[in-house]
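Colleague: Could you walk me through this one? I'm new to it.
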Amino acid sequence: MKFVLSFGTLLLVLPAFALAFQTETYGWEETSTVLAIYGNGNPDLEYTSPVYAGSQSLEFYESPLGGTPQAIVCWIQNLDEGDTVAASFYVYDDTPGSSPSGRIWAHYNVNYSDPGNYDGSAGGNSTYSSGIGWEQLSYEWTIDADSLHAGLMIEGRIYSSSEFDTLWFDQMEVTAPDGATIVWPNVPVALVRRTWADIKSAF
Ligand SMILES: [Ca+2]
Ligand SMILES: [Ca+2]
């Protein structure tokens with residue numbers, strides 16, 4: 001009986017030490033661009049240059065000028081409090097010390113059917129792309145306690161000073177717990193554009 005109890009305890013404890021993670025990549029090699037857009041961002045596929053890997057990248061430009069447009073490029077669903085999600089992408093910025101520059105950031109979502117839903121910022125890496133050309137930006141998020149969250153949305157942000165300022169994104173990688181669902185832009189969800197007015201009206 002003593003042996004059986006110990007064995008049972010071992011089985012209960014093991015999964016906590018065997019947390020498994022999955023890693024997926026996305027390189028904009030298909031016809032899709034983004035899951036959703038916030039603000040005045042305009043996504044397109046780049047077929048010539050700059051492309052970091054493969055034969056296509058995501059082009060993202062601001063028009064009209066205003067705010068900080070976000071390309072929402074990945075949706076990680078089925079997360080629990082305390083889970084960690086790591087994401088990175090390469091961004092092409094050839095303007096050192098001046099606009100446009102990029103950042104990797106994220107926000108929460110509360111609605112599984114709406115990739116444009118916004119349920120508060122999740123923060124991100126405050127470092128801007130430096131302007132050396134292709135450069136990898138990355139960050140790791142720890143999911144907070146709000147059980148209503150239906151996922152974490154990863155953003156490619158453009159900070160620009162002129163209309164049509166453009167950045168390119170490629171070779172994105174996401175690592176999340178095995179139980180999570182990683183949704184890339186190539187899933188059939190509607191492209192949704194959110195404005196500050198939409199977000200404010202939701203509260
Ligand atoms: Ca690519
Ligand atoms: Ca720059």
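Colleague: What spacing do the donors of the calcium ion (ligand 2) follow along the chain?

Modeller: Bear in mind that this is a predicted model, where local features need pLDDT of at least 70, side-chain atom pairs count only at pLDDT 80 or more, and totals for chains, interfaces and linings use all residues. Residues are numbered from 1 along each chain as its sequence is written, chains are lettered from A and ligands numbered from 1 in the order written, and side-chain values use heavy atoms, leaving out hydrogens and water. Donors are N, O and S atoms within 2.8 Å of the metal (3.2 Å for Na, K and Ca), and sites may look incomplete because water is not among the atoms. Asp93, Thr95, Ser98, Pro100 and Ser101 coordinate this ion at 2.4 to 2.6 Å, and the spacing is D-x1-T-x2-S-x1-P-S.

Colleague: Is Ser98 buried, partly exposed or exposed?

Modeller: Buried means under 20% relative accessible area, exposed over 50%, and partly exposed in between (1.4 Å probe, protein chains only). Ser98 has 37% relative accessibility, so Ser98 is partly exposed.

Colleague: Which residues give protein donors to the calcium ion (ligand 1)?

Modeller: The donor atoms lie 2.3 to 2.8 Å from the ion, and Asp170 supplies two OD entries. The others are O of Gly27, Ala53 and Gln56, plus OE of Glu29. That makes the residues Gly27, Glu29, Ala53, Gln56 and Asp170.

Colleague: How far apart in sequence are the parts that Gln56 and Asp170 tie together?

Modeller: Gln56 is buried at 12% relative accessibility, and Asp170 is buried at 0%. Gln56 sits in the loop between strands E3 and E4, while Asp170 is in strand E11 (strands are DSSP runs of E, at least two residues, numbered from the N terminus). The pair therefore ties together parts separated by 114 residues.

Definitions and conventions:
Helix = DSSP H or I, 4+ residues; strand = E, 2+ residues; numbered from the N terminus.
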